[in-house]
Amino acid sequence: MNELLVIGHPDLLAERQRWLQGLLQERRLSDNTVDAYERDTRQFLTFLTGHLAGPPRLSDISTLRPADLRGFLAQRRKGGAGARTLGRGLAGLRSFLRYLERIGLANAAGAAAVRSPKQPKSLPKPLTDREALNVVTTDAQLAEEPWVAARNAAVLTLLYGCGLRISEALDLTPGDFAGTPSSLRVTGKGGKTRIVPLMAVARDAVATYLKLCPYHAGAGEPMFRGTRGAKLQPAIIQREMQKLRGALGLPDTATPHALRHSFATHLLAGGGDLRTIQELLGHASLSTTQVYTGVDSTRLLEIYDRAHPRA
């Protein structure tokens, strides 16, 4: 996280580095979240450098006004940043300022007074049952080499059958599947672990892939490999899904992550309760899971009409 330009005095940059390390080691936020916070605070310090006509000091941070933060957000908005990006950026700045406040070096009141940008309401766009089942079959895969087709089918089956994030699926090891397991222990965001049921069809898809794969992975090593033997990267599966969209006539919203949405939506439509789905997805907050209640409102109304004694 070295600075290419001088965007702050050494004491300020040192505290920023300690804060980022604390996010990783103490709060156990994901690498992607910490990288985003690093970017957001770097952009803010760059803005302040121009705003103050020189690299900011800790004393400048301690006297920040809401107008300074609003000016930064306005500049980012003018540069094309959307509401979600701005909201995340403000969250990162607030976290940094709260850290400085805890150690007596700043006042976070200015950041607290700035209202977060209103977020657009968007619902996940799952695939239909038939579309999802077509996508995860080995026969649907477009790779010429059988082991690659089996690999792609296994990954996609885990996304839809277990509700995994693509990074979670690609971190799985042969050891996770030793002894014909009925469940998987998955490490998700922030290093949090959860247990998800493993259907026989997903277990069989992985077994087929491992049997055909020309590369041997140790029990504790990532088992999904690229064509040159290195750990499989998410971009490869994303490209394969893009090819499948064209071949199967699926919408642009049919992405690998949409299979995770489909997992949750189809469970909910089948009568699954939100708390269980929250645990299976690894959501920290139930409010994150509740977005799926808006995806299949017709089905929920049918369940209500059938089950409620006064319906």
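## A tour of the chain, from a loop outwards

Begin by selecting Ala53, which sits in the loop that connects helix 2 to helix 3 (58-62). The model in the viewer is a predicted one, and in it Ala53 adopts a positive phi of about 60° although it is not a glycine. Most residues other than glycine have a negative phi, which makes this a backbone position to inspect with some care. Is Ala53 buried or exposed? With a relative accessible area of 74%, Ala53 is exposed.

Next select Thr180, in the loop between helix 9 (166-170) and strand 1. Thr180 is not a glycine either, and its phi is positive, at about 50°. The side to look from is the outside, because Thr180 counts as exposed, at 59% relative accessibility.

**The hairpin**

From Thr180, move on to strand 1 (residues 183-187), which runs antiparallel to strand 2 and is joined to strand 2 by five bridges. Together strand 1 and strand 2 form a hairpin, with five residues between them. Within that turn, select Gly190, whose phi is positive at about 70°. To follow the pairing across the hairpin, colour Leu184 and then find Val196 in strand 2, which stands opposite Leu184.

Keep strand 2 (residues 193-197) selected and show its side chains: which residues make up its covered face? Arg194 and Val196 form the covered face, while Thr193, Ile195 and Pro197 belong to the uncovered one. Val196, the residue opposite Leu184, is thus a useful one to keep labelled, as part of the covered face of strand 2.

**The second largest pocket**

Now turn to the second largest pocket, in which about 280 Å³ of space lies. Its lining is made up of 16 residues, and those closest to the centre of the pocket are Thr157, Tyr160, Gly161, Met199 and Val201, which can be selected together. Which elements give two or more residues to this lining? They are helix 8 (146-162), helix 10 (200-212) and helix 12 (256-269), and of the lining of this pocket the largest share, four residues, comes from helix 8. Colouring the lining by residue class shows eleven nonpolar and five polar residues, with no charged residues.

**The enclosed space**

A further stop is the cavity, since the structure holds one cavity of 30 Å³ or more; the volume of this largest cavity is about 30 Å³. To display the lining, select Asp40, Gln43, Phe72, Leu73, Arg76, Thr85, Leu86 and Gly89. Helix 2 (31-51), helix 4 (66-78) and helix 5 (83-102) each contribute at least two residues to the lining of this cavity, and helix 2 is also the helix that precedes the loop holding Ala53, where the tour began. By class, the residues around the largest cavity comprise three nonpolar, three polar and two charged ones.

**The whole chain**

Finally, clear the selections and view the chain as a whole, whose secondary structure comes to 15 helices and two strands. Of its 311 residues, 41% count as buried. Showing the surface brings up an exposed area of about 16900 Å², of which carbon and sulfur atoms supply 52%. If contacts are drawn between residues at least 6 apart in sequence, 62% of them join residues at least 24 apart.

Notes:
Residues numbered from 1 in each chain as written. Predicted model: local features only at pLDDT ≥ 70, side-chain atom pairs only at ≥ 80, totals over all residues. Heavy atoms only, no water. Buried < 20%, exposed > 50% of the residue type's maximum accessible area, 1.4 Å probe, protein only. Contact = heavy atoms within 4.5 Å. Areas by Shrake-Rupley, 256 points an atom, 1.4 Å probe, with all protein chains shown as cover. Pairing = 2+ DSSP bridges. 1 Å grid on protein atoms, 1.4 Å probe; cavity = no way out; pocket = protein on both sides within 12 Å on 5 of 7 lines; lining within 4 Å. Points joined across faces, edges and corners; volume = space filled by probe spheres on them. Nonpolar A, V, L, I, M, F, W, Y, C, P; charged D, E, K, R; others polar.
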